[in-house]
Amino acid sequence: MLPLRMATVYQDDHRARQALTAQHHAFSQRFDQLRAHTEYGVKIYLTPSTSPDTKQAPVGSPAPPVSPGKAYLRARKTQHHTRESAYQEAQQAAQAIDAIATRYATHRVRHAPQRGALTTAHENVLNDAYLIPDDQAEEFQTSIAEAARHFPDLRIEVTGPWAPYSFAAPPPEPPDASAASGNPDAPAAPTQLP
C-alpha cells in the first residue's frame with residue numbers, strides 16, 4: 001500500500017521513488033496515524049419533506065383571494081422561511097455529529113457537499129470523513145444512528161468502512177515551501193479533533 005491519494009500519477013517508477021524518498025518521514029508518520037484506523041463518511045441530506053423547493057403550504061381552509069403580486073410575495077416568504085428552517089435543522093444535526101466525532105474520531109476531513117451525478121435527488125449539505133479507531137467503529141456508527149433519530153426530517157447516512165483515502169496524503173508543506181516546490185494547490189491537511 002502506498003500512502004498516496006487515489007489516482008496519484010507519476011510518469012515512471014523513478015519519480016514515484018523520488019516522491020516517497022523525499023517525504024519518507026511524513027509518510028512514516030502518516031502510516032503510524034492510520035494503523036488500526038478506518039475511514040467512515042457521514043453525510044446529511046435534506047429530504048423531500050425538508051427540501052426548500054418542495055415544501056407545500058398546509059392544507060386547510062382556502063386563503064382569501066389575493067392579487068398575483070401578493071400571492072407571489074407570500075410564496076417567496078414561505079419558501080425563504082422553509083429554507084431557513086431546513087438549514088437550521090441540518091446545522092443542529094451537524095453539531096450533534098461533531099460532538100460524537102470528538103469522542104471517537106482522531107481526524108476529520110470536511111469534503112465539499114456532493115452535487116450533480118454524485119448525489120441523489122436530495123440535497124447533500126454535509127459530507128465529512130472521519131478516521132475512527134477500529135475498536136470504536138461500532139460504537140461510532142451506533143452513536144450516529146441514535147443522533148439521527150432526533151432529526152427525522154433529515155437523512156443522515158454513515159458510509160464505510162473505507163480504506164483511509166481521505167487521510168492518505170501527508171500534511172501540506174508550509175506556504176513558503178509549497179511555492180518553492182511549485183505546488184501552491186497542495187491539499188488541506190486533515191483536521192485533528194481534540
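Leaving aside its neighbours within four places in sequence, which residues is F140 in contact with? In this predicted model, the list reads Y40, V42, I100, A101, Y104, Y130 and I132.

F140 is also a good way into the largest nonpolar core, which has 24 residues. F140 is among the members that touch the most others, together with I44, I97, Y130, I132, L154 and I156. Two or more residues of this core come from each of β1 (37-46), α3 (68-104), β3 (123-133), α4 (137-148) and β4 (154-162). The biggest contributor is α3, with eight residues. Apart from this core lies another one, made of five residues, including L34, A129, L131 and F167.

Now to β1, which deserves a look of its own. Ten of its ten residues are buried, so β1 is largely enclosed by the rest of the structure. H37, E39, G41, K43 and Y45 point one way from the strand, while T38, Y40, V42, I44 and L46 point the other way. Both sets are buried.

The partners of β1 are β3 and β4, as set out here.

| Strand pair | Sense | Bridges | One bridge pair |
|---|---|---|---|
| β1 and β3 | antiparallel | ten bridges | G41 with A129 |
| β1 and β4 | antiparallel | seven bridges | Y45 with R155 |

Some of these names meet again across the picture. A129, the bridge partner of G41, belongs to the five-residue core. Y40 and V42, both in contact with F140, point the same way from β1 as I44, and I44 is one of the residues that touch the most other members of the largest core.

How values were computed:
Residues are numbered from 1 along each chain as its sequence is written. This is a predicted model: local features need pLDDT of at least 70, side-chain atom pairs count only at pLDDT 80 or more; totals for chains, interfaces and linings use all residues. Side-chain values use heavy atoms; hydrogens and water are left out. A nonpolar core is a set of buried Ala, Val, Leu, Ile, Met, Phe, Trp, Tyr and Cys residues joined through side-chain atoms within 4.5 Å. Buried means under 20% relative accessible area, exposed over 50%, partly exposed in between (1.4 Å probe, protein chains only). Helices (H or I, at least four residues) and strands (E, at least two) are DSSP runs, numbered from the N terminus. Contact means heavy atoms within 4.5 Å. Two strands pair if DSSP finds at least two bridges between them.
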